[in-house]
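User: I'm new to reading protein structures. Could you zoom in on one part of this one and talk me through what sits around it?

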Amino acid sequence: MPSAVRLSVLTALLAVFMAWLALGHGTSLPWDPRWYLTAHTAMEVFSVVVAMLVFSTGWHGIGRDMPIRVALLSPTALVVGLLDIGHLMSVQGMPGVAGPGSVGRGIEFWLLARSVSAGALLIAAFAPRERVVGRRVRGWALAAALGIAALGFWVAVDNPLALPPTFVPGKGLTLFKIDFEVVLIALNAIAALFLLRRALLTRLRTDRYLAATAAVMALSGVSFTLYVRPDDVMNMAGHVYKVIAYLCLHRAIWVAAVQAPYLRLQRSERSLAESEASFRSLMECAPDAILLVGAEGRITMMNARAENLFGVAREAAAGLPLDMLVPAAAGDAEVDCRSRSGAAFPAEVRRAGMPSGQQVAIVRDVSERRRLERALVEQLTHDALTGLPNRNRILETLDEAIAGACQDGRTLAVLVFDLHEFRKINSGYGYGGGDDVLRECVV
């Protein structure tokens, strides 16, 4: 079942169950108030552990940069976890913080922790998800979190704000406590709606889990406006909902800080491997010899064409100085290379530097091109039948010889040979016979 469907079903079931409790059916559940202190302690300890896991997971996520929502929610989890410790130690029956535990002191720590979490979720609902922050911002966020936690303990212990009473023994919750919880429910509900809207647009699991976190926190707040005694089943149900919300938050932070960067790293590794495979394939299919050279001037890799051209296996060539196979030349030039067997061949060499400091040497054997060039020059300047210089070449040579003789003050003699009545040979023996006579005369 997809995660979106699971979260939707879970949230719907929790909403239905909370509505069932709100209608007064909680008394049918098997609950004994004597279990309160043990169950409350166990759930609060578990909540603190999950909150610290949220902080640790987000704070030590993969990568140097952190998504802004992770940078916000992971220190918030630290604050909430510390305030939950104050709540745990301050409820009636516990040692207390700077004094014996009481219902009112425990509720004050509770309201402070819920206010911090509701505000952080609401900010996260509007924070740009693409934004990332560096180590400095993360450091300031941690310092601010510790400061907020210290301020919360001071407010809860010394009560400098003179907060109104939140619980009256024998009467239950005060109007101030109920109104405060209603405000927190509204904040969490607004955050849940905007996070759900974002999740529908982005289809990101982080947004889905954050929306579920805010929605379940809002549902838990309902129970904390309806309980009569701290040890009744409605109060315990709210604590269970809070634990579920913390687990959803941990999943959201884990996806955003660990899983998503890890998946991006895996995709990058696969892309790098595919690029390397494509590069090697291109190297092997290239008609020219390609040699990769390290920063120290030694060969690190070559293709199959280079093996055939230089007559050396790539395993044996690894680590050899490039100059052993390709003579040094200024820039791109034609040089005479030599294979390991000693045979020399002309080559066109092109070199290029890489950002990593490596070099690429592309060597093209131009032996065939030079042979074709010589053959072309031969055809243009010599007679195809006899191999002797043709008329144009003879005139060029004669002009050069005359110019040289005039410059040196020498005389020049030119001998002209002619085959008398050569036409009779062609007419009597055919053109093939005439060609044979011409070849014999040249010899």
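Analyst:
**A close look around helix α3**

Let's start with Ser 74: not counting residues up to four places away in sequence, Ser 74 touches Val 54, Phe 55, Gly 58, Trp 59 and Met 66. Keep in mind as you look that this is a predicted model. Ser 74 belongs to helix α3, and with 0% relative accessibility it counts as buried.

Now step back one residue. Leu 73 also has Val 54 among its contacts once neighbours within four places in sequence are left aside, and the rest of its list is Ala 120, Leu 121, Ala 124, Leu 210, Leu 249 and Ile 253. So where does Leu 73 fit in the bigger picture? Together with Ile 107 and Leu 210, Leu 73 touches the most other members of the largest nonpolar core, a set of 61 residues. Helix α3 (68-90) has plenty of company in supplying that core: α1 (3-22), α2 (36-59), α4 (103-126), α5 (135-158), α6, α7 and α8 (233-285) each give at least two residues as well, just as α3 does. There is also a second, separate core of 21 residues, which includes Met 302, Leu 322, Phe 345 and Ala 347. As a rule of thumb, nonpolar side chains tend to be buried together in soluble globular proteins.

Helix α3 isn't just about nonpolar contacts, though. The side chain of Arg 69 meets that of Asp 207 in a salt bridge, at 2.4 Å from N to O. The two residues are 138 apart in the chain, with Arg 69 in helix α3 and Asp 207 in helix α7, and the pair links these distant parts. Are the two partners buried or exposed? Arg 69 is buried, at 8% relative accessible area, and Asp 207 is buried too, at 0%.

Further along, Asp 84 forms a salt bridge with Lys 242, at 3.7 Å from N to O. Asp 84 lies in helix α3 and Lys 242 in helix α8, so this pair ties together parts that are 158 residues apart in sequence. Both ends are tucked away: Lys 242 is buried at 0% relative accessibility, and Asp 84 is buried at 0%. This pair doesn't stand alone, either, since Glu 44, Asp 84, Arg 114 and Lys 242 are linked in a network of salt bridges. The general idea is that side chains of opposite charge can pair when their charged atoms come close.

For a contrast, look at Arg 410 and Asp 408. They also form a salt bridge, with their closest N and O atoms 3.4 Å apart. Here Arg 410 is partly exposed at 48% relative accessibility, while Asp 408 is exposed at 51%. In the whole structure, a search finds nine salt bridges.

Finally, here is how the helix fits into the whole chain. The protein chain has 443 residues, of which 37% count as buried, and its secondary structure comes to 13 helices and nine strands. Contacts between residues 24 or more positions apart make up 59% of those with a separation of 6 or more. When you rotate the model, try following helix α3 from Arg 69 to Ser 74 and then to Asp 84.

How values were computed
Residues are numbered from 1 along each chain as its sequence is written. This is a predicted model: local features need pLDDT of at least 70, side-chain atom pairs count only at pLDDT 80 or more; totals for chains, interfaces and linings use all residues. Side-chain values use heavy atoms; hydrogens and water are left out. Helices (H or I, at least four residues) and strands (E, at least two) are DSSP runs, numbered from the N terminus. Buried means under 20% relative accessible area, exposed over 50%, partly exposed in between (1.4 Å probe, protein chains only). Contact means heavy atoms within 4.5 Å. A nonpolar core is a set of buried Ala, Val, Leu, Ile, Met, Phe, Trp, Tyr and Cys residues joined through side-chain atoms within 4.5 Å. A salt bridge is a side-chain nitrogen of Lys or Arg within 4 Å of a carboxyl oxygen of Asp or Glu.
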